[in-house]
Amino acid sequence: MVSRVIPVEDFDLVIFGATGDLAQRKILPSLFRRFHAGQMPEGARVIGAARSAHSPESFRAFVLEGLCEFAQVKGATRADYAAFVTRLDYVTVDARGTEGWERLRALCQRAVTRAFYFSVGPSLFEDLAQRLHLYGLAGAETRIVVEKPFGRDLASAKLLNAALAAHFEERQIYRIDHYLGKETVQNLMAVRFGNMLFEPLWNSQYIDHIQITVAETVGVSGRGEYYNRAGAMRDMVQNHLMQLLCLIAMEPPARFEPDAVRDEKLKVIRALEPVAPQDLVRGQYGPSADTQSYLQDVGASESQTESFIALKAHISNWRWAGTPFYLRTGKRLKHRASEIAVVFKDTPHSIFGEEAGRHRNILSIRLQPNEGIELGVTIKEPGPGGMRLIDVPLDMSFAEALGPEGEAVPDAYERLIMDVIRGNQTLFMRDDEVEAAWRWTDPIVQSWEGCGAAALSYVPGSAGPEEALRLMQRDGRRWREIRE
Ligand code: NAP
């Protein structure tokens, strides 16, 4: 099946921070892929903006270099890359000063959809919003895209929301959480709300528990300074894992429309119970034979910041009362693997006897690698010799289902950037959603920051601290294997 390309209108997309890591690794390669897929119309233009002194030509050469490394696209020729970069322009701009703004204004005079991507540190968001307004670039139809982190607690998120709201309406603000752009995450909604099969079972009567795992093999080196101030709870749980939890737990929205979906997600966040200290495990990776410890990575002699967290969350509503949500995420774990596992309850009675074995249905939604959905069903072990049961997967791998000959699943940023151009906020976080997530997160973080509680050491390449295993064992359950 070849995925359909839905054309978008002509646009000007200005990327503040165009010389930075995110722009080079994600934003520009995603734009190239959309260009190569035929989705960027003739009148689409991308304007890079940063303090570095580039001419449009040297910026194009810089981008080409990055594309060679980060945007290997099957079937793309040198001519395609060269054609893409002709759509690029560059302005030297200082977000905190006056340099470049008049030139940017002169460049942004076309009557087309206009979006400004803030791919810079969050300390510059307010400066950018102010200057866009000051230089007459914040028209009623202008959109701004802001990256994470969106605040480091409720107070700072509120300040940031207010700073943006001073110049832009909420309908113009696109707070990006790239997890929401993942093909599988959107498919999670399609599976839940496009089939009759699951929704009647989607509640605490039939679901024993839900596990959400986002495991990374990399450490924090390179972003040590930021990470050491944030930790896994702020960096991953408050946003990415929270968004996944919302999509699993929310009620069916009346329509697949921005506010209908976001209203339902907000209700989930508001129904989250505070997390009890005994339902929380924090870890920090130690050294191994060939990797540095967390402390070495962040260049500190002492730190209690967590590079791993596991917790048990409860949602107090009719659908989910009694069904725990176990969340864990960490760095330097055994594999890079993200999965949501919906673990159904045992059958009430086994007609085959205990010797046949007891099995559970598990719906596994894999976000990376190999995005796909797998439903574990129980069947009879083939062959003579009685009735023994085994689990087999009904596998729906998107790479095979969607792409001709293993064509890559579109990157989350491809989808999300095109949604900005289309003016569709469904997969972006609203101000009240972000604030509600911090309202739940703050007391959890304070529970250890207030008393300086230590993070438990764990072995790199493991599944995190032993205590995280015990968090589930205590409830008679266990984590799923972190698999590649
Ligand atoms: P980065 O590599 O440090 O890049 C920062 C960019 O901002 C550079 O292009 C820099 O260019 C520009 N910049 C800095 N000060 C400026 C100023 N005063 N005026 C204009 N431009 C300025 O950071 P990044 O990793 O790309 O991250 C960008 C944002 O995305 C951050 O908010 C980060 O938290 C978020 N994010 C990044 C990733 C990732 O994988 N990298 C993932 C998720 C979210 P000049 O020095 O030339 O001005």
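How many aromatic pairs does the structure hold? The count is 19, and several stops on this tour come back to aromatic rings. Keep in mind as you go that you are looking at a predicted model.

**Stop 1: an aromatic pair**

Select Y227 and Y294 and show their side chains. A pair of aromatic rings is described by the distance of the centres and the angle of the planes. Here the ring centres of Y227 and Y294 are 6.3 Å apart and the planes meet at 65 degrees; because an angle over 60 degrees counts as edge-to-face, that is the label for this pair. Now colour the chain by secondary structure: Y227 belongs to helix 8 (residues 224-249) and Y294 to helix 10 (residues 294-298), so the pair links distant parts of the chain, 67 residues apart. Are these two tyrosines buried or exposed? Y227 has a relative accessible area of 1%, which makes it buried. Y294 is buried as well, at 0% relative accessibility.

**Stop 2: an aromatic cluster**

Next, select F16, W101, F116, F118, F125 and Y135 together. These residues make up one aromatic cluster. Showing the side chains as sticks lets you follow the rings of the cluster from F16 to Y135.

**Stop 3: the ligand**

Now centre the view on the ligand and display its surroundings. Which residues are closest to the ligand? They are T19, D21, R25, R51 and S52, out of 21 residues that surround it. Colour this shell by residue class and you will find 9 nonpolar, 6 polar and 6 charged residues. Helix 1 (residues 21-36) gives the largest share of the shell, with 3 residues.

Three polar contacts are worth drawing as dashed lines:

- From G20, a backbone N or O atom comes to 2.9 Å from an oxygen atom of the ligand.
- From D21, a polar side-chain atom is 2.7 Å from a nitrogen atom of the ligand.
- From A95, a polar backbone atom is 2.8 Å from a nitrogen atom of the ligand.

Switch on a surface here: of the 880 Å² of accessible area that the ligand has on its own, the protein covers 74%.

**Stop 4: from A95 to helix 5**

Stay with A95 and add R131 to the selection. A polar atom of the R131 side chain is 3.3 Å from the backbone oxygen of A95. R131 sits in helix 5 (residues 125-134), and its relative accessibility of 14% makes it buried. Q130 is also placed in helix 5, but Q130 counts as partly exposed, at 36% relative accessibility. Measure from the C-alpha of Q130 to that of R96 and you should read 9.8 Å, although 34 residues separate them in sequence.

**Stop 5: F70 and S30**

Another C-alpha distance to try is F70 to S30: they are 9.4 Å apart in space and 40 residues apart in sequence. F70 is part of helix 2 (residues 56-70) and is partly exposed, with 26% relative accessibility.

**Stop 6: arginines over rings**

Select R175 and F150. The charged end of R175 is placed over the F150 ring, 5.0 Å from the ring centre. Then move to R332 and Y285, where the charged end of R332 lies over the ring of Y285, at 5.5 Å from its centre.

Keep R332 selected and look at its backbone. R332 is in the loop between strand 10 (325-330) and strand 11 (337-344). Its phi is positive, near 55 degrees, and R332 is not a glycine. With a relative accessible area of 14%, R332 is buried.

**Stop 7: backbone exceptions**

Most residues other than glycine have a negative phi, and most peptide bonds are trans. Which peptide bond near strand 5 should you check? The bond joining K148 and P149 is cis, with omega about 0 degrees, and P149 is in the loop between strand 5 (143-146) and helix 6 (154-165).

Finish at the loop between strand 12 (362-368) and strand 13 (372-380), where you will find P369. The peptide bond from Q368 to P369 is cis, with omega near -15 degrees. N370 lies in this loop between strand 12 and strand 13 too. N370 is not a glycine, yet its phi is positive, at about 55 degrees. Is N370 buried or exposed? At 52% relative accessibility, N370 is exposed.

Conventions:
Residues are numbered from 1 along each chain as its sequence is written. This is a predicted model: local features need pLDDT of at least 70, side-chain atom pairs count only at pLDDT 80 or more; totals for chains, interfaces and linings use all residues. Side-chain values use heavy atoms; hydrogens and water are left out. A residue is near a molecule or strand if one of its heavy atoms lies within 4 Å of it. A polar contact is a pair of N or O atoms within 3.5 Å; within protein, one must be able to donate a hydrogen and the other to accept it, and residues adjacent in sequence count only if both atoms are side-chain atoms. Accessible areas come from the Shrake-Rupley method with a 1.4 Å probe; for residues, only the protein chains shown count as cover. Helices (H or I, at least four residues) and strands (E, at least two) are DSSP runs, numbered from the N terminus. Ala, Val, Leu, Ile, Met, Phe, Trp, Tyr, Cys and Pro count as nonpolar, Asp, Glu, Lys and Arg as charged, and the others, Gly among them, as polar. Rings of Phe, Tyr and Trp (its six-membered ring) pair if their centres lie within 6.5 Å; planes under 30 degrees apart count as stacked, over 60 as edge-to-face and the rest as tilted. Buried means under 20% relative accessible area, exposed over 50%, partly exposed in between (1.4 Å probe, protein chains only). A charge sits over a ring if NZ of Lys or CZ of Arg is within 6 Å of the ring centre and within 35 degrees of the ring normal.
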